[in-house]
Amino acid sequence: MTAQQHPRHGLDETIHSPTRLSIMAALVPMERMDFPLLRDTIEASDSLLSKHMTILETAGYVEVTKGHVGKRPRTWLALTEQGRAAYDAYLDALRALVDSGET
């Protein structure tokens, strides 16, 4: 970022949505999380979580793994290395934005 560029330009629009930011923040400390736990953790509906997970997966930020536990289908979600790096960069940009308003 150049000295003349406003910190808001460093905010990743893919992460910036409140729901996607909540997903990223919930996944950061986890190796992986199953869909129902993530849904309940961020207080989202199945359809809302699915929609935003698809956006994050398409961006390469989240890996979605499908499988079974016994006979029950399961979906697990995990941040990719790219997703962790993007999240860290997003937080840095957010801090810079907040700090730019201090006098």
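**Figure 1. Bridge partners in the hairpin of this predicted model.** Start with His-68, whose bridge partner in strand 3 is Pro-73. Thr-65 likewise has a bridge partner in strand 3, namely Trp-76. Strand 2 and strand 3 (residues 72-79) pair in the antiparallel sense over eight bridges. For two strands to count as paired, DSSP must find at least two bridges between them. The two strands form a hairpin with two residues between them, and Gly-70 in the turn has a positive phi of about 65°. As background, strands of a sheet pair through backbone hydrogen bonds, either parallel or antiparallel.

**Figure 2. The open sheet of three strands.** Here the strand order is 1-3-2, with antiparallel pairing. Which strands sit at the edges? They are strand 1 (33-34) and strand 2 (62-69), each of which pairs on one side only. Strands here are DSSP runs of E with at least two residues, while helices are runs of H or I with at least four, and both are numbered from the N terminus.

**Figure 3. Helix 3 and its buried residues.** Phe-35, Leu-38 and Ile-42 are buried in helix 3. These residues cover an arc of only 65° around the axis, which puts them on the same side of helix 3. (The arc is taken from the directions that run from the helix axis to the C-beta atoms.) Their packing partners are helix 2, strand 1, helix 4 and strand 3, where contact means heavy atoms within 4.5 Å. "Buried" stands for under 20% relative accessible area, "exposed" for over 50%, and "partly exposed" for anything in between, using a 1.4 Å probe and protein chains only.

**Figure 4. The two ends of helix 3.** What caps the N-terminal end of helix 3? Asp-34 does: one of its side-chain oxygens lies 3.1 Å from the backbone nitrogen of Leu-37. A polar contact is a pair of N or O atoms within 3.5 Å; within protein, one must be able to donate a hydrogen and the other to accept it, and residues adjacent in sequence count only if both atoms are side-chain atoms. Helix 3 is followed by Glu-43, which is in the loop between helix 3 (35-42) and helix 4 (46-58). Its phi is near 55°, a positive value in a residue other than glycine. Is Glu-43 buried or exposed? Glu-43 is exposed, with a relative accessible area of 73%.

**Figure 5. Helix 5 and one lined face.** Helix 5 (residues 81-100) has 20 residues, which at 1.5 Å a residue should span 28 Å; its end C-alpha atoms are 29 Å apart, which agrees. The expected span is 1.5 Å times one less than the number of residues. Gly-83, Ala-86, Tyr-87, Tyr-90 and Ala-93 are the buried residues of helix 5. Looking down the axis, you find them within an arc of 125°, so they line one face of the helix. Their cover includes helix 1 (13-16) and helix 2 (18-27).

**Figure 6. Stepping back to the whole protein.** There are five helices and three strands, running α-α-β-α-α-β-β-α from the N terminus on. Along its principal axes the C-alpha trace spans about 60 × 25 × 20 Å. Of the 103 residues, 32% are buried.

**Notes.** Residues are numbered from 1 along each chain as its sequence is written, and side-chain values use heavy atoms, leaving out hydrogens and water. Because the model is predicted, local features need pLDDT of at least 70 and side-chain atom pairs count only at pLDDT 80 or more, while totals for chains, interfaces and linings use all residues.
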